[in-house]
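User: I would like a close look at one part of this model rather than a tour of the whole. Please take it slowly and keep the statements careful.

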Amino acid sequence: MGSKASTLLREEEIEEIKKETGFSHSQITRLYSRFTSLDKGENGTLSREDFQRIPELAINPLGDRIINAFFPEGEDQVNFRGFMRILAHFRPIEDNEKKSVAVSEPLNSRTNKLLFAFRLYDLDRDDKISREELLQVLRMMVGVNISDDQLGSIADRTIQEADTNGDNSISFNEFIKVLEKVDVEQKMSIRFLH
Amino acid sequence: MQRCGRVPLWLLGSVLLIRFTSGISAVDRDVQQTRPDSRPEPPSESTPNQSHADHGHGSSAVGGIPVVTFKWHHVETPYQVALWILVAGLAKLVIEANHHVTNVIPESALLICFGFILGGIIWGADKVQTFKLNPTVFFFYLLPQIILDTGYSMPNKLFFGNMGAILVYAVIGTCWNAASLGLSLWGCHQGGAMGDLDIGLLQYLLFGSLIAAVDPVAVIAVFEQVHVNEVLFILVFGESLLNDGVTVVLFNVFDAFVSLGGARINAVEIIKGIISFFVVAFGGSLLGLVFGLLISLLTKVTQKVKIIEPAFVFVLGYLSYLTAEMLSLSSILSITFCGVSCQKYINANMAESSVSTVRYVMKVFANGSETIIFVFLGISAIDTEIWVWNTGFILLTLFFIFVYRIIGVFFLTWILNRYRLVPVEFIDQVIMSYGGLRGAVAYGLATLLNESKIKEKNLMICTTLLVVYFTVILQGITMKPLVNWLKVKKAAVSELTLIEKLQSKVFDHMLVAIEDISGQIGHNYMRDKWNQFEERWMTRILMKKSVRKSRDCVFKVFHQLNLKDAMSYVAEGERRGSLEFVRNESAFIDFKKKFVDDCSGAMPDITACMSDDYSAMSSMSRIDQVPSVSLEMHEQNMKGVRETEDINTHHLLQQHLYKGRKQHRHRYSRSHFNVNKDENEVQEIFQRTMRNRLESFKSAKMGVSPPKKISKHTKKDQQQKVPNGKSTENGKRYFSGDEDFQFPEGDASGFAASDGSHPFPMTYRAGAGIENPAYIPDLDPMAAEIPPWLAEYDAGPVAPSQRAQLRLPWTPSDLGRLAPLRISTRSNDSFAQADAPAAQQKDDEPPTPSKRDGRNM
């Protein structure tokens with residue numbers, strides 16, 4: 001399977017992905033084989049249904065949100081490039097990357113990681129997490145034992161913590177600011193197998 | 001202030017020492033006669049009493065029935081134990097009082113030095129070392145609680161997140177330290193560096209294993225002061241905890257080899273040794289888990305015996321230690337994992353007070369033991385018997401320990417870093433290698449050595465002690481400067497915030513999802529699987545149903561934050577003398593944000609309607625938003641101020657009365673710790689008092705201050721009462737100072753309508769009340785009405801003033817109900833009904849009083 005997958009992937013494509021995402025050659029081929037195994041339609045793109053077939057995602061409270069994050073606005077297909085671009089957000093930051101100042105900010109920079117997290121809340125893409133949007137996420141995350149009123153209070157309080165300009169919603173800058181002390185680089189990274 | 005505090009403490013310390021020295025002569029005589037057996041029991045402090053008392057009462061005991069007898073031997077052992085604990089405690093007190101010293105020299109080092117002094121005094125008296133740390137006492141009575149405490153307070157998520165690294169350091173690192181030290185010393189011995197010593201290879205390995213245990217106390221103390229990053233913290237902490245266990249296991253294996261004798265060791269025995277190492281280590285851990293689960297199960301059903309609930313934790317924890325010891329499994333690992341595995345469930349199952357009891361008592365035990373251990377480590381030094389000097393052996397041991405620790409840490413980290421998401425940084429590795437302090441476990445094991453098998457036992461003890469002193473004192477002192485100098489990555493001191501908690505949960509779910517999508521089984525995947533398993537089985541079995549339901553980490557943080565707010569609110573109130581700060585614009589600024597939080601939390605619906613207004617305003621004006629709901633309040637502010645002032649004073653009195661009553665009602669009960677829960681009586685009395693006052697003053701109204709619970713009742717009652725009052729309302733009332741309360745009759749006079757608030761303060765100041773005849777006719781209807789604050793007494797002594805309520809943190813549900821009430825007194829009932837649905841429908845019109853009034857007119 002792995003060898004078959006890698007034959008389907010052209011070398012120059014791998015190079016481009018490597019440049020864009022920073023994944024290594026072996027990681028790209030490994031993830032490509034994963035991509036093709038998810039791609040039941042075998043048309044080189046993944047649809048929402050393809051993602052939804054992953055059993056674990058069905059029990060992940062944020063599963064659907066994360067699936068959505070893979071799809072650019074208005075599209076319902078994602079190709080391998082797009083797939084890799086999203087995964088690249090979760091690549092740990094390596095030491096040499098910290099020092100070298102890249103021309104464009106790498107996808108796994110702190111800001112981009114946070115932006116990805118921010119977008120999970122911000123459904124209407126107005127660059128603000130409104131109370132309603134926060135409530136929706138909260139509802140997904142907490143058990144049914146918490147009443148709506150309690151949840152509302154939690155949402156309000158959460159917004160208050162972050163909200164500095166008093167518009168009763170969290171902008172991306174406020175989001176960055178309030179998570180300043182969180183080790184996002186570490187908490188939003190996974191080790192991709194080589 | 002601080003300086004003044006120190007002086008008596010120093011005095012205390014010196015007095016203590018003087019008492020010791022003055023007791024010496026007595027010790028001299030006494031100890032030598034009575035206890036030539038060198039038990040490690042407390043010393044001497046009691047002896048002066050004894051000798052004096054002996055003289056005093058000796059004569060009366062002659063012939064006939066002795067009125068009083070002096071029975072020192074009767075109480076000797078427990079007395080000495082108690083005194084010893086006292087001495088150690090006082091030592092700690094003296095040391096802690098000198099904060100500038102402990103900032104430079106770690107407490108453990110100071111305690112050892114204190115031990116030197118004590119030991120010197122004792123030795124000067126007896127010329128023999130009477131008190132030593134004896135392994136039985138150490139391993140059975142001093143060590144378990146320390147380990148249990150560390151296990152219980154282990155940050156689980158961090159611990160298991162770094163489990164791999166910790167295990168590598170603890171198991172492989174310890175074995176490496178033991179083996180390398182033993183072999184190197186043996187090599188040097190063969191090379192003739194130590195002269196003539198009767199130590200074989202196995203004995204060297206045994207020595208290496210006993211001294212491999214890293215003691216975290218001093219290092220952790222420094223880490224806590226400096227707040228190093230959590231990875232470094234957990235690596236050192238976890239390692240030192242587990243390697244105590246590993247060391248003991250290793251020690252036992254080598255001890256068995258030594259007993260067997262070099263000649264009979266073959267491949268089979270070595271394999272058996274290795275197997276036994278793993279069986280003992282894992283068996284002990286498993287046993288600990290079993291006991292941990294037992295404790296969890298037990299605490300599920302102990303809510304009926306809350307008062308002894310905490311005891312179960314200690315007893316079962318201790319039993320896990322003893323059971324493991326009995327089965328010759330690793331007792332330290334057993335009690336460690338017992339603590340680690342039960343913490344989550346018992347914290348959820350037990351009552352909050354029991355949990356804090358467990359925490360506190362554990363700290364008391366652990367800290368006490370630690371103190372005693374270090375003092376004894378110092379005292380043990382003063383013993384001519386053990387001081388067998390062998391320059392080569394001692395210096396080489398020190399050198400090898402230092403070097404091999406560094407090599408071990410760097411090598412293992414190098415391997416680990418290839419697999420770690422976040423590599424351990426170079427500086428962290430330096431600190432880890434430098435943090436290899438040796439402690440009491442090493443000494444305890446050294447004293448366990450069998451002299452018949454190991455001829456040079458004393459040399460080993462001596463070396464161990466020197467290593468302990470050297471590492472704890474020298475490395476301990478230099479640790480902090482080193483940490484600062486190397487600029488070790490510090491932990492971010494973050495406040496507890498909801499958004500961080502929420503976000504970290506989001507991160508967790510996100511990582512799991514990404515691992516699922518990318519199709520790899522990683523750390524997050526495993527953790528997620530474990531969490532599911534735990535949720536499905538462990539929690540269901542081990543946790544109380546009620547707790548299980550209400551458990552949610554985001555909500556927990558919310559709850560904690562609310563508690564914190566409430567506490568700071570009460571503290572602020574007390575500091576300013578009741579609710580004085582209500583009057584002061586600047587005072588409640590502290591609460592501004594919280595108020596808005598709580599307020600908006602309280603009435604999500606209203607917030608939603610007002611969100612437009614909110615966004616337009618600064619946070620300061622947002623405060624005013626709420627009062628402006630009822631315009632008349634603003635108009636009356638000036639009058640209200642004076643009134644509140646008086647009522648506040650009044651209130652203070654009330655509070656004290658109530659408290660006084662409460663204090664008298666403490667009853668002793670062995671099995672109940674409740675401070676009179678049935679408040680009915682108190683309430684009755686209180687209510688009666690209030691009614692009396694009302695009758696005599698006729699005024700009151702403007703109840704005051706609002707602890708949260710109270711206001712809840714207020715509103716209900718107000719809502720019920722309103723209809724009665726409404727019938728007599730008139731237009732004038734609307735402008736009076738007290739229209740928030742339903743006092744129709746009071747206003748009927750017309751006089752009250754114009755300057756209603758003034759007479760009341762007057763009557764209050766008069767204290768006795770009654771004097772104003774103008775109001776007397778009004779009294780009866782008022783009393784009959786029972787104004788709202790009267791009905792709240794079940795919740796507390798204090799009736800909230802409307803103005804106070806406006807600016808104080810609310811419980812969510814309260815404000816929502818209160819808001820309509822404040823708007824207008826005239827049509828409260830109808831309005832309250834009309835408003836609730838209106839608000840829920842997110843009515844577009846802002847809830848300004850004018851509109852509402854208009855609607856309700």
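The part in question is chain B, including its contact with chain A.

Analyst: What follows describes a predicted model, and the values below are computed from its atoms. I begin with chain B as a whole, then turn to its interior, its surface and its contact with chain A.

In its secondary structure, chain B has 38 helices and zero strands. Of its 857 residues, 54% are buried, and the surface that remains accessible comes to about 37,600 Å², with carbon and sulfur atoms accounting for 63% of that area. The contacts within the chain reach far along the sequence: if one takes those between residues at least 6 apart, 80% of them join residues at least 24 apart.

Helix α18 of chain B, which covers residues 440–448, illustrates the interior well, since eight of its nine residues are buried. Those buried positions are B:A440, B:V441, B:A442, B:Y443, B:G444, B:L445, B:A446 and B:T447. They pack against five named helices of the same chain, namely α6 (135–152), α9 (201–210), α11 (230–260), α15 (352–381) and α19 (457–485), and the mostly covered state of α18(B) can be read alongside that list of partners.

A single polar residue of the interior can be followed in the same way. B:S334 sits in helix α14 of chain B, which spans residues 331–349, and B:S334 counts as buried because its relative accessible area is 0%, where buried requires a value under 20%. A polar atom of the B:S334 side chain lies 3.1 Å from the backbone oxygen of B:S320. When neighbours within four places in sequence are left aside, the residues in contact with B:S334 are B:G284, B:S285, B:L287, B:G288, B:S320, B:Y321 and B:A324, so that B:S320 appears both in this list and as the backbone partner of the serine side chain.

On the outside of chain B there is a nonpolar patch made of B:L297, B:W530, B:F533, B:W537 and B:I541, which together have about 510 Å² of accessible area. Helix α21 of chain B, residues 523–542, gives the most to this patch, with four residues. One residue of that helix is B:W537, and its relative accessibility of 47% is why B:W537 counts as partly exposed rather than exposed, the latter term needing over 50%.

A charged pair can be set beside that nonpolar patch. B:K272 and B:E269 form a salt bridge in which the closest N and O atoms are 3.7 Å apart. The two residues are three positions apart in helix α12 of chain B (residues 267–300), which means that about one helical turn separates them. Both ends of the pair count as partly exposed, B:K272 with a relative accessible area of 49% and B:E269 with 21%. The value for B:E269 is above the 20% limit under which a residue would be called buried.

It remains to consider where chain B meets chain A. The size of an interface is often given as the accessible area lost when the parts come together. Between chain A and chain B that buried area is about 5,100 Å², and carbon and sulfur atoms give 65% of it. On the side of chain A, the residues that lose the most area to chain B are A:R157, A:Q160 and A:R191, together 15% of what that side buries. In terms of residues, the contact takes 57 from chain A and 55 from chain B.

The polar part of this interface can be counted as well. One salt bridge is found between chain A and chain B, and it is formed by the side chains of A:R157 and B:D565, which meet at 2.8 Å, N to O. Helix α11 of chain A, residues 148–162, supplies nine residues, the largest share of the side of chain A that touches chain B. Six residue pairs are in polar contact across the interface, counted where both residues have pLDDT 80 or more. A:R157 therefore appears twice in this account, as one of the residues of chain A that lose the most area and as the partner of B:D565 in the salt bridge.

How values were computed
Residues numbered from 1 in each chain as written. Chains lettered and ligands numbered in written order. Predicted model: local features only at pLDDT ≥ 70, side-chain atom pairs only at ≥ 80, totals over all residues. Heavy atoms only, no water. Patch = residues over 30% accessible without salt bridge, like charges linked within 9 Å, V, L, I, M, F, W, Y side chains within 5 Å. Areas by Shrake-Rupley, 256 points an atom, 1.4 Å probe, with all protein chains shown as cover. Salt bridge = Lys/Arg side-chain N within 4 Å of Asp/Glu carboxyl O. Buried < 20%, exposed > 50% of the residue type's maximum accessible area, 1.4 Å probe, protein only. Contact = heavy atoms within 4.5 Å. Polar contact = N/O pair within 3.5 Å; in protein donor to acceptor, adjacent residues only side chain to side chain. Buried area = accessible area lost by both parts, 1.4 Å probe.
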